[in-house]
Amino acid sequence: MGLLDRLDNPYDVGDNIFLGTVEDVLNWGRSKSDWYMTFGLACCAIEFMAVNAAHFDFMRFGCIPRPSPRQTDFIIISGTVTLKMAERIKRLYEQMAEPKYVISMGSCSNSGGPYWENGYHVLKGVDRIIPVDVYIPGCPPRPEAFMDGMVQLQSKINHQAIFRKRKEMRPEDIAAIDQRQIELKKLRAEYEAYRIEHLDLTGVDNVAK
Amino acid sequence: MLPNEIFDKLKIEFGEEIISLNEDPGYEPSIKVEPTNLVDIMLFLRDEEGLEFDYPSCLSGVDLGANLGVVYNLYSMKRAHKITIKVEVPKEAPDVPSCELVWRSFDWHEREAYDLLGINFVGHHNLTRILLPDDWEGHPLRKDYVQPDYFHGMKVPY
Amino acid sequence: MSEIRDVAIDLGNVHTEHMKLNVGPQHPSTHGVLRLMVELEGEIVVDVVPHIGYLHRCFEKVCEQNTYTQIVPYVDRMDYVNSMNNELPYVIGVEKLLGITVSERIEAIRVICAELDRIASHEIAVATFGMDAGAFTPFLYLFRDREKILWVLEKLSGSRLLYNYIRIGGLMRDVYPTFKDDLRDIIKTVRETNAEINNLLNDNKIFVERCANIGILPPDVAINYGASGPMLRASGVRHDLRRVDPYSIYNKLDFEVCVGTGTMGTVGDSWDRNWVRMLEMEQSLRIIEQAMEMITDSSEDVRAGIPKRIAPKGELYSRAENPKGELGFYIVGDGKAKPQRVKGRSPCYVNLSIIPEISKGYMFADLIIILGSIDIVLGEIDR
């Protein structure tokens with residue numbers, strides 16, 4: 001009555017086993033533990049703080065604040081992006097490790113918002129400097145709207161292809177990958193030969209080379 | 001102390017440098033002065049018995065068309081009275097003496113007026129841009145200001 | 001058992017140099033996009049240079065291109081944690097220019113809204129200050145209460161956080177029938193939570209040790225720098241614009257002006273600034289209780305007084321007591337539908353300029369405490 005018995009019968013897998021691809025499992029894990037950057041710009045950041053606080057409890061999405069861009073999965077552009085700040089935001093985005101996502105929160109970072117016409121120092125949309133995954137409308141968006149945006153981001157991550165399918169690739173890509181494999185094999189063989197040649201075997205007997 | 005009393009007191013001390021008192025209905029009472037000896041006038045307003053404007057409320061730069069104006073809103077905590085001092089300078093040579101050592105509060109206010117309107121506060125220890133980036137061109141609050149098309153490769157208009 | 005011995009170290013030839021440290025604009029403790037260039041000698045702060053302007057949203061230029069009514073939403077976005085208090089001086093200023101007055105009932109509703117938002121703002125200030133000092137629980141408690149205030153203001157105005165509720169010559173709409181019940185509920189909750197916060201945070205030994213005697217601001221320096229609000233009152237100066245230059249119906253209300261007394265350390269230290277905010281919340285509750293009585297059930301139309309054409313001629317400096325200090329608007333109208341100049345005198349802008357004065361000689365960790373105790377909002381500093 002163990003686990004193996006159950007595996008023998010493919011129609012009775014029980015509650016504790018689910019069948020799926022590696023990609024599904026990885027995406028499921030990635031989407032349920034996104035770490036975000038503690039980074040606020042303007043009014044929307046106050047609403048974002050409210051999302052973090054007791055009533056809305058953002059952590060139930062598995063989101064943990066990280067102060068360093070190196071450890072974060074996604075960044076929330078919460079407020080007006082000015083031209084002085086735009087270069088810093090671009091730098092922060094570049095510092096994040098792949099895969100990385102961007103949520104644009106509020107009208108200002110979507111399109112310039114109320115400052116679209118006369119704001120000489122306002123960037124009219126953060127998507128002019130970094131790619132955006134989810135846009136949340138509102139000025140500022142309600143916490144519920146923000147949480148809907150978070151669900152959208154999770155579903156996007158859930159449906160993402162991590163491994164590119166070989167049959168979907170272009171022929172030159174496949175050729176390049178094959179070429180790279182051959183190169184790697186060659187390099188490994190060279191290194192192995194070098195290692196064995198320089199191996200210090202004094203005082204050791206009967207070591208399989 | 002009423003505005004006309006303050007005006008009389010200043011007139012006795014400084015004479016010609018105090019130009020006029022504006023008490024039109026709808027306008028807050030304001031005294032227009034010459035910019036040449038502004039720091040002494042401000043020190044007098046701050047230290048003279050009976051005036052004692054110890055609290056600097058606000059400093060605003062204004063674009064008046066041909067001229068640029070600086071408006072000082074002062075308040076006295078001891079005497080609970082307030083006054084507005086105005087200075088006008090031509091746009092070609094907008095030089096106003098800096099009052100940052102009279103009230104330290106005006107340090108940042110003057111930098112802001114320089115940044116947004118291009119008023120040159122003579123004697124300020126660090127007259128640099130405060131809100132806009134250092135390499136920004138032009139002074140946005142002037143009426144004839146035109147938005148730049150690009151800044152550091154980023155498109156500015158919508 | 002090893003013996004403790006004095007080891008003589010010759011420090012004569014040790015070469016030291018000042019280190020420059022850049023804090024921000026993306027830093028959890030800078031309360032927004034503030035950047036500080038700090039010069040350190042070891043851990044001691046030698047100099048601080050604040051760099052601002054990362055949220056400069058061209059408020060004053062926008063004002064020149066919009067009509068007087070259209071400016072109100074932009075005024076909301078200046079100090080985005082207490083929009084009602086921003087609207088009040090602007091609307092009062094324009095009403096003075098136009099020469100119109102509103103009924104006492106409308107003024108009472110305005111004052112209640114402003115005081116509710118003052119509590120909400122102080123709650124954020126205390127919460128984030130606690131976070132700076134390493135206390136996370138007060139943040140959760142205070143934001144829970146703030147949520148209640150936001151619900152009431154949302155019921156009133158239809159929007160969260162940025163209300164656009166106070167209009168020139170009136171209000172956006174009348175209060176809803178159960179408004180007073182909600183207010184009583186808020187008053188009860190805030191009183192209970194504040195008592196809890198006093199136990200959790202303000203009397204907490206760790207918190208007191210971190211904040212007392214840190215960042216002392218003498219009263220004469222505060223006045224010369226133009227500081228205002230809790231920052232000035234914590235230094236012992238009894239100056240509150242609601243009392244010394246009354247606007248709206250504040251002269252008919254009974255409340256105390258709270259000042260710092262140096263309970264835990266010296267007058268004007270970081271702990272005092274925080275404590276003044278706690279005391280002011282209680283006074284705001286008292287004001288709300290009194291103003292509640294002024295709201296009578298009447299069939300008055302709160303939109304009736306809104307003028308059809310707003311084109312005043314004149315100029316004035318209108319100011320009011322914002323939770324952060326003296327918020328003023330210098331408005332110049334030249335008889336057209338759009339103002340010629342609107343300048344916002346923001347309290348945080350002036351309060352922040354004191355930071356080089358009061359943070360020299362303290363440890364770097366204390367700088368974060370000092371910055372938190374000033375309670376800045378970058379939207380208002382950069383405008």
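1. Helices (H or I, at least four residues) and strands (E, at least two) are taken here as DSSP runs, numbered from the N terminus. Read in that way, chain B runs α-β-β-α-β-β-β-β-α-β-β-β from its N terminus on, with three helices and nine strands.

2. The model is a predicted one, in which local features need pLDDT of at least 70 and side-chain atom pairs count only at pLDDT 80 or more, while totals for chains, interfaces and linings use all residues. Residues are numbered from 1 along each chain as its sequence is written, chains are lettered from A and ligands numbered from 1 in the order in which they are written, and side-chain values use heavy atoms, with hydrogens and water left out.

3. The C-alpha trace of chain B spans about 55 × 30 × 25 Å along its principal axes. Of its 158 residues, 56% count as buried, where buried means under 20% relative accessible area, exposed over 50%, and partly exposed in between (1.4 Å probe, protein chains only). With contact meaning heavy atoms within 4.5 Å, residues 24 or more positions apart account for 47% of the contacts in chain B with a separation of 6 or more.

4. The accessible surface of chain B, by the Shrake-Rupley method with a 1.4 Å probe (for residues, only the protein chains shown count as cover), comes to about 6800 Å², and carbon and sulfur atoms hold 50% of that area. Chain B carries 15 positive and 29 negative side chains, with the centres of the two sets 4 Å apart; Lys and Arg count as positive and Asp and Glu as negative, His and the chain ends being left uncounted, and each charge is placed at NZ of Lys, CZ of Arg, CG of Asp or CD of Glu.

5. Helix H3 of chain B (residues 106–117) has twelve residues and reaches 15 Å from its first C-alpha to its last, close to the 16 Å expected at 1.5 Å a residue, the expected span being 1.5 Å times one less than the number of residues. Eleven of the twelve residues of H3(B) are buried, so this helix is largely enclosed by the rest of the structure; among them are the charged B:Asp107, B:Glu110, B:Arg111, B:Glu112 and B:Asp115. After H3(B) comes B:Gly118, with a positive phi near 75°.

6. Chain C contains 15 helices and eight strands. Its radius of gyration is 23 Å, close to the 21 Å that the globule rule gives for 383 residues, so chain C is as compact as a globular protein of that length; the radius is taken over C-alpha atoms, and the rule is 2.2 Å times the number of residues to the power 0.38. In chain C, 64% of the 383 residues count as buried, and 71% of the contacts between residues at least 6 apart in sequence join residues at least 24 apart.

7. Two residues of chain C other than glycine deserve a look for their positive phi: C:Asn213, near 65°, and C:Asp375, near 60°. C:Asn213 lies in the loop between helix H7 (205–211) and helix H8 (219–224) and is partly exposed at 37% relative accessibility, whereas C:Asp375, in the loop between helix H14 (364–374) and helix H15 (378–382), is buried at 5%.

8. In chain A, the peptide bond from A:Glu98 to A:Pro99 is cis, with omega near -10°, and A:Pro99 is found in the loop between helix H4 (83–95) and strand E4 (101–105). The bond from A:Cys139 to A:Pro140 is also cis, with omega near -5°, and A:Pro140 lies in the loop between strand E5 (134–136) and helix H6 (143–158).
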